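These are my notes from looking through one structure. I went after its enclosed spaces and then one helix.

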Amino acid sequence: MKKVLILGSTGSIGTQALDIIRENNDKFCAVGLTCRSRVENLIAQMKEFNPSAVCVGNADDAAKVRAEFPEVQVYYGDEGLIEIAKMDCDIVLNSLMGISGLAPTYTAISMGCDIALANKETLVTGGAIITELCREKGVKLLPVDSEHSAIFQCLEGNKGRAVKRILLTASGGPFRGYSLDQLKGVSVEQALNHPKWSMGSKITIDSATMMNKGLEVIEAKWLFDVPAENIDIHVHPQSIVHSMVEFCDTSVIAQLGLPDMRIPISLALNYPNRLNYSGESLDFFTVGKELTFEKPDRKVFKCIDLAYQAIKEGGSYPVVMNGANEELVAMFLAGKIEFLDIPNTIEKVMEKHKPSKANSVEEILALDAESRRMARELL
Ligand code: MN
């Protein structure tokens with residue numbers, strides 16, 4: 001029985017992971033669950049899965065949960081996430097939103113626990129210290145992001161063989177084909193209307209600006225130790241090819257499947273084995289009629305180049321880019337700024353930034369706070 005701690009159990013990835021655990025309750029048990037604000041959903045999950053520890057967003061919610069479940073260890077807030085990450089378990093699924101995933105992941109790795117990583121911001125901001133700590137502790141970092149799960153699968157059985165390129169696929173988001181002019185007036189509702197994937201609101205906006213793909217380039221660089229200039233984004237609107245790897249002999253290996261996050265989640269949880277899944281099979285006679293690939297429009301979707309620039313500069317730049325992006329996406333979702341304010345302000349924050357140390361979780365979190373303040377100030 002594999003003991004799973006799910007950080008962010010009421011979100012999109014978390015609930016799908018619990019579906020998998022429910023269907024495979026001879027293989028997995030959920031020993032820890034966390035939420036930020038959906039405490040009623042968490043309580044329902046607790047009744048079904050009987051975790052021994054949980055973490056909620058604030059002290060009031062913690063008191064409420066304690067009253068109903070006196071035998072459960074209840075934590076709250078950012079400190080609580082770090083405490084629960086120390087619990088006895090076999091794998092931590094990190095499906096938190098944004099940089100809040102960094103500190104608990106760092107703690108879980110310190111405890112020697114394997115990580116199923118759905119939170120790309122952990123590697124975008126802390127790639128150097130996280131991968132170093134994984135090596136030191138012998139911890140496996142198993143990607144849940146569909147593209148990175150694909151790349152991981154393409155590389156398996158090819159250990160030590162020289163990679164020429166990673167071909168990172170992208171759906172292109174809801175605004176594929178738009179001009180800069182057309183992007184000017186887009187609404188929150190339009191930006192949240194993703195054509196292929198149903199996800200949380202932050203990552204859906206990132207897909208609309210294509211910052212999500214920029215973050216994924218950085219994530220891939222750290223996971224697979226491939227320089228960013230050898231990672232090529234391929235817009236593939238059908239989302240069937242989840243990514244590909246080209247080796248030194250120009251042979252390309254791809255991983256394909258229907259766009260369903262349960263596939264990469266179940267592989268990460270059950271690695272190195274695959275789980276049976278009752279979902280639909282991929283029918284090439286249907287989907288194969290149209291599998292297309294195009295270059296991303298980097299002039300319209302400026303976030304792509306900003307991300308390449310950030311990882312090229314390295315050090316504190318990806319942290320600052322990410323912090324500004326998180327702040328601006330939240331402001332856009334709250335209706336406070338325009339869609340194009342997101343890339344334009346990130347660019348300004350990066351221009352103003354002077355390189356500084358980002359060698360510890362504390363330094364990274366301080367830089368994150370500073371970049372958010374700068375983003376607000378510039379608007
Ligand atoms: Mn992805």
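Which residues line the largest cavity? I found Ser146, Ser149, Gln153, Trp197, His242, Gln255, Leu258, Asp260, Ile263 and Pro264.

Before going on, I noted that this is a predicted model, where local features need pLDDT of at least 70, side-chain atom pairs count only at pLDDT 80 or more, and totals for chains, interfaces and linings use all residues. Residues are numbered from 1 along each chain as its sequence is written, and side-chain values use heavy atoms, with hydrogens and water left out.

**Entry 1: cavities.** I looked up what counts as a cavity: on a 1 Å grid over the protein atoms alone, a set of points where a 1.4 Å probe fits but cannot get out, with lining residues having an atom within 4 Å of a point. A volume is the space filled by probe spheres set on the points, which are joined across faces, edges and corners. The structure has four cavities of 30 Å³ or more. The largest has a volume of about 70 Å³. Helices H7 and H12 (262–270) each give two or more residues to its lining, and H7 has the largest share with three. I took helices as DSSP runs (H or I, at least four residues) and strands likewise (E, at least two), numbered from the N terminus.

**Entry 2: second largest cavity.** This one holds about 50 Å³. Its lining is Ile20, Glu23, Asn24, Arg262, Ser266, Leu275, Asn276 and Tyr277. H1 (12–23) and H12 each supply at least two of the lining residues.

**Entry 3: second largest pocket.** A pocket is an open set of points with protein on both sides within 12 Å along at least five of seven lines. The second largest pocket has about 670 Å³ of space. It has 22 lining residues, and Leu141, Phe152, Lys159, Leu223 and Phe224 are the closest to its centre. H6 (121–137), strand S7 (141–143), H7 (146–155) and H11 (211–224) each give two or more residues to the lining. The largest share, four residues, comes from H11.

**Entry 4: helix H6.** I checked its length. A straight helix of 17 residues would span 24 Å (1.5 Å times one less than the number of residues), but H6 spans only 21 Å between its end C-alpha atoms. There is a kink of about 100° centred on Gly127, the bend being the angle between axes fitted to the seven residues ending there and the seven starting there. Is H6 largely enclosed or open? Twelve of its 17 residues are buried (under 20% relative accessible area, 1.4 Å probe, protein chains only), so H6 is largely enclosed by the rest of the structure. Gly127 is among the buried residues. Just after H6, Gly138 takes a positive phi of about 65°.

How values were computed: Buried means under 20% relative accessible area, exposed over 50%, partly exposed in between (1.4 Å probe, protein chains only).
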